[in-house]
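Colleague: I'm still learning to read models like this one. Could you take me to one small part of the fold, go through it slowly, and then show me how it sits in the rest of the chain?

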Amino acid sequence: MIIIVETTTIKVVATVMMNKKSIAISACLLGCNCKYNGGNNYTSKVEKLKEQYNLIDICPEVLGGLSTPRVPSEIIGDKVINKEGLDVTINYQTGAKIALDKALENGCEIAILKAKSPSCGCGKIYDGTFTSTLIDGDGITTRLFKEHNIKVSKYVLNNTSRERTITII
């Protein structure tokens with residue numbers, strides 16, 4: 001049996017993929033069940049970006065060694081503490097570094113991250129009281145991405161229409 005592969009077709013496909021810009025994106029937005037509660041935040045709006053961009057999925061919490069599901073965590077001062085009082089800062093820092101390395105290796109200049117999380121939150125995060133109270137601030141990964149000049153966009157749920165939107169900031 002002889003298999004013939006037309007190399008010109010393969011080259012064209014490879015060229016198209018290489019010309020697409022890459023965007024780092026929270027894996028939960030692509031449907032990966034990696035949220036603290038074992039669920040995801042899938043949205044077809046983010047999925048449609050695949051037509052124009054290479055989407056580089058990241059979940060800093062999982063990359064940092066936390067399980068799914070896991071106990072919810074919030075930032076308290078300069079630490080990340082879970083609801084049971086365990087300091088998980090090192091997991092968030094490790095995951096943020098791995099996510100950054102993955103983004104940089106893929107040439108990402110933009111990241112779309114899940115709003116409000118202690119890792120990916122951008123502009124607003126929970127205040128550390130586990131009462132759903134928001135304060136101004138960024139998650140651990142968002143901070144690191146910004147320090148390395150990766151523009152961070154946040155994925156938010158519009159409370160009035162219950163429509164999910166992407167906000168570039």
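**A close look at helix α5 and its surroundings**

Modeller: Let's begin where the helix stops: just after α5, Asn149 takes a positive phi of about 60°. Before we go on, keep in mind that this is a predicted model. Most residues other than glycine have a negative phi. That is the reason to pause at Asn149, which is not a glycine and yet has a positive value. Its place is the loop that joins α5 to β8, a strand covering residues 151-158. Is Asn149 buried or exposed? Asn149 has a relative accessibility of 69%, so this residue counts as exposed, the cut-off for that being over 50%.

Now step back into the helix itself. Helix α5 covers residues 140-147, and its buried residues are Ile140, Thr141, Thr142, Leu144 and Phe145. When you look at any α-helix, remember that residues three or four places apart point the same way, because one turn takes 3.6 residues.

From that buried group, let me pick Thr142, a residue of α5. Why does Thr142 count as buried? Its relative accessibility is 0%, and buried means under 20%. So what surrounds it? Leaving out residues up to four places away in sequence, Thr142 touches Leu113, Ser119, Cys120, Gly121, Cys122 and Val152. Have a good look at Gly121 in that list. A polar atom in the side chain of Thr142 lies 2.9 Å from the backbone oxygen of Gly121. If you colour the contact residues in your viewer, you can find that pair among them.

Next, compare Asn149 with Phe130. Phe130 is not a glycine either, and its phi is also positive, at about 60°. It sits in the loop between β6 and β7, with β7 made of residues 134-136. Here the surroundings give another reading: Phe130 is partly exposed, because its relative accessible area is 22%.

From that loop we can follow β6 to a small empty space. The structure holds one cavity of 30 Å³ or more, and the largest cavity has a volume of about 30 Å³. Which residues line it? They are Ser73, Glu74, Ile75, Lys116, Ser117, Pro118, Ile125 and Tyr126. Two elements each give two or more residues to this lining: β3, which covers 73-76, and β6, which covers 124-126. The larger share comes from β3, which gives the most, with three residues. Sorted by class, the lining has four nonpolar, two polar and two charged residues.

Since we have reached β3, glance at the loop leading into it. Pro69 lies there, between α3 (60-63) and β3. Most peptide bonds are trans. The one from Thr68 to Pro69 is cis, with omega near -5°.

Two more residues help you see how parts of the chain come together in space. Tyr53 belongs to strand β2, residues 53-58, and is partly exposed, with a relative accessible area of 27%. Beyond four places in sequence, Tyr53 touches Lys20, Lys21 and Ile23. Its C-alpha is 9.9 Å from that of Ala24, although 29 residues separate the two along the sequence. Leu104, in helix α4 (residues 89-105), gives another example with Ala24: the two are 80 residues apart along the chain, while their C-alpha atoms are 9.2 Å apart. Leu104 is partly exposed too, at 43% relative accessible area.

Finally, zoom out to the whole protein. It has five helices and nine strands, and from the N terminus they run α-β-α-β-α-β-β-α-β-β-β-α-β-β. Of its 169 residues, 38% are buried. Among contacts with a separation of 6 or more, 60% are between residues 24 or more positions apart.

One last habit to learn is checking confidence. The average pLDDT is 85, and 80% of the residues score at least 70. Residues 1-16 stay under 50, and the model has one contact beyond four places in sequence for them. Residues 157-165 also stay under 50, but there the model has 16 such contacts. Read those two stretches with care, and then return to Thr142, buried at 0% relative accessibility, where our close look was centred.

Conventions: Residues are numbered from 1 along each chain as its sequence is written. Side-chain values use heavy atoms; hydrogens and water are left out. On a 1 Å grid over the protein atoms alone, a cavity is a set of points where a 1.4 Å probe fits but cannot get out, and a pocket is an open set with protein on both sides within 12 Å along at least five of seven lines; lining residues have an atom within 4 Å of a point. Grid points are joined across faces, edges and corners, and a volume is the space filled by probe spheres set on the points. Helices (H or I, at least four residues) and strands (E, at least two) are DSSP runs, numbered from the N terminus. Ala, Val, Leu, Ile, Met, Phe, Trp, Tyr, Cys and Pro count as nonpolar, Asp, Glu, Lys and Arg as charged, and the others, Gly among them, as polar. pLDDT is the predictor's confidence in each residue, from 0 to 100. Contact means heavy atoms within 4.5 Å. Buried means under 20% relative accessible area, exposed over 50%, partly exposed in between (1.4 Å probe, protein chains only). A polar contact is a pair of N or O atoms within 3.5 Å; within protein, one must be able to donate a hydrogen and the other to accept it, and residues adjacent in sequence count only if both atoms are side-chain atoms.
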